[in-house]
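Let us walk through this structure step by step, beginning with a single chain and ending with the way in which two chains are related.

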There are 2 protein chains.
Amino acid sequence: MSAKRVVALAGGVGGAKLVYGLAQVLPAGQLTIIGNVADDFTLYGLHISPDLDTVMYTLAGIANPETGWGIAGDSWQMLEMLVRYGEEGWFRLGDRDVATHVLRTHWLAQGVPLTEVTARLTRALGVPHRLLPVTDDPLATMVDTVEYGILPFQEYFVRRRWQPVARRVWFEGAETARMTAEVAQALAEADLVVICPSNPVLSIAPILAVGGVRQALQGRAGRCVAVSPFIGGQAVKGPAAKLMPELGLDISVNGLWNFYAGLVDGLVIDVADTPQSVGEHKAILMTYTLMKTDDDKVRLAKEILDWMETL
Amino acid sequence: MSAKRVVALAGGVGGAKLVYGLAQVLPAGQLTIIGNVADDFTLYGLHISPDLDTVMYTLAGIANPETGWGIAGDSWQMLEMLVRYGEEGWFRLGDRDVATHVLRTHWLAQGVPLTEVTARLTRALGVPHRLLPVTDDPLATMVDTVEYGILPFQEYFVRRRWQPVARRVWFEGAETARMTAEVAQALAEADLVVICPSNPVLSIAPILAVGGVRQALQGRAGRCVAVSPFIGGQAVKGPAAKLMPELGLDISVNGLWNFYAGLVDGLVIDVADTPQSVGEHKAILMTYTLMKTDDDKVRLAKEILDWMETL
């Protein structure tokens, strides 16, 4: 691998898998992950950043391998006690995990920006790469559903297990949220940008919606590719293949090209997905994108980076 | 036991033992515990009320029998994670215990007074008696020490394990803190008031220091007795026998009479402590005050209540 500076845009579990692969093949200092914060929310006054934490725990080697989120071997004593106090307990707060939320909330209340909070946490966990929240400003994914009307993201995603039918998705605060100086610099200096196989609507769109990000991506000289989160027209995990059609979005390869139009030079898709009516000028890497093992993640990351060199 | 209304003033572990005994012998609705809040403090933004929690967990039957504080069978995953993040971890936050602090902090931030917070928590845990923080106003025990200068209470008590030599103890906020309406009513209606064998300086004095409490106790018609926390001139647990002499306070039976002068009609002391130069008009119950087993607690509670009827 050449000494290029790589930026990855990532949401939660799916994105974190590719980030893990990239982190193994890139030396420290050359990988920066820009993370989604629009699924951040406050529970019992604790500031929870699910996507940042998933990436952080993954890079720290402490992620729960079964769920993809949370910490391996975590316990649920606090949650059980909350339930005993009459709380619903629909959001699975692990005992180790809650330390992250407690510290983050404490530091944020002291005026420490989320970027610095995240840097402290990742540093303490020995993560050699940089994880940047796309913005330090408030940003909140909202989902208007047929069954329940407007739901804050975690109510839709966790509490209702993304079963309601979505009519509209938007990001509250996007009009005023600005990318941080760290994100601006990382994007300006990046040789390669990889949009991870995260949910395009729920994980990547809220990154792109933050003031300055889309322009910064368009203004770059280096390559940018997106990795499709679909395999055979289905999402590996999560609501992408259900949600996007509900919103009238096409989840074919062509649909993904349109979704990322003007931003990407290439698309990485699974061999199970046949591209239809994609213009010849468009670069596509067809490969095996399912990441079950750590070897899968590393192999895919290498393939993508090698391929990007050829674009 | 007659149908008298009993109020107990209690601090932490020692007081909670007698409270447990009183709770067993008094029917629901007849026991009100007024708890110390001057050792409350904020850690990582969480509002912790150690004395209230010790009494609450004891009455709920979930207290850790080995330590006297915390919850039986609790684990330390969150604390270990905090330490992994570089925090000191000197205050032992159990995983179940932290649910209490998280909920309390959350409700306080919503403007719910500590009295109502405490009522919700105790109700949820099935406690049939009423636990009242003496005040909803800020109150903080401070200790001026020879070695470290002025320490907030938990820094002195937990972090430094009460080893520093104390020069002065005071209660920040006592000038403005007022007893709650619930405390005022409980004291006004109480037939009997029992000052539990808690640390007189660190647990009972901060209750008495709250605006209105001393006057309410003095203005009552019913009996009030104090139970000595000393056995053979030693504290069963904690710093009372070390701290009080450091502050020039006499921990003999006579000293305790003086400490509670004007407030109590009688004193319960251990058979190991011989009263010296105590006026004949003063009522003393000499008995076995060590409470090792639940039976000890119930027996002592009964003895005290029966004796108070004779005063």
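Chain A holds 12 helices and 14 strands, and before going further it should be said that everything described here belongs to a predicted model. How confident is the predictor in chain A, on average? The mean pLDDT of chain A is 94, and 97% of its residues score at least 70. This is useful to know from the start, because predicted coordinates should not be read in detail where pLDDT is low. For the complex as a whole, the predictor gives an ipTM of 0.92 and a pTM of 0.93.

We can now turn to the overall form of the chain. Along its principal axes, the C-alpha atoms of chain A fill a box of roughly 60 × 45 × 40 Å. A compact globule of 311 residues would have a radius of gyration near 19 Å, and because chain A has 19 Å, it agrees with that expectation. Of these 311 residues, 51% count as buried. If one takes the contacts in chain A with a separation of 6 or more, residues 24 or more positions apart account for 67% of them.

For a view of how strands are arranged, we move to chain B. Here an open sheet of seven strands, paired in parallel, runs in the order 5-2-1-9-10-13-14. At its edges stand strand 5 (130–133) and strand 14 (283–287) of chain B, and because each has a single partner strand, one side of each is left without a neighbour in the sheet. Neighbouring strands of this sheet are turned against each other by 20° on average, with direction ignored. What holds such strands side by side is a general matter: strands of a sheet pair through backbone hydrogen bonds, in either a parallel or an antiparallel way. One pair can be followed more carefully, for strand 2 (residues 31–35) of chain B is joined to strand 5 of chain B in the parallel sense over four bridges. Ile33(B) has Leu131(B), in strand 5 of chain B, standing opposite.

Finally, how is chain A related to chain B? A turn of 180° with a shift of 0.0 Å along the axis lays chain A on chain B with an RMSD of 0.0 Å, which means that the two are related by a two-fold axis. The same surface serves both copies, since 100% of the contact residues of chain A recur in chain B. Which residue of chain A comes closest to the rotation axis? That residue is Asp95(A), whose C-alpha lies at 3.0 Å from the axis.

How values were computed. Residues numbered from 1 in each chain as written. Chains lettered and ligands numbered in written order. Predicted model: local features only at pLDDT ≥ 70, side-chain atom pairs only at ≥ 80, totals over all residues. Helix = DSSP H or I, 4+ residues; strand = E, 2+ residues; numbered from the N terminus. Rg over C-alpha atoms; globule rule 2.2 N^0.38 Å. Buried ≥ 20, exposed ≤ 12 C-beta atoms within 10 Å, placed from the backbone. Contact = placed C-beta atoms within 7 Å. Pairing = 2+ DSSP bridges. Axes fitted to C-alpha atoms, helices over the stretch in contact; angles between N-to-C directions. Least-squares fit on C-alpha atoms with pLDDT ≥ 70 in both. pLDDT = per-residue confidence, 0-100.
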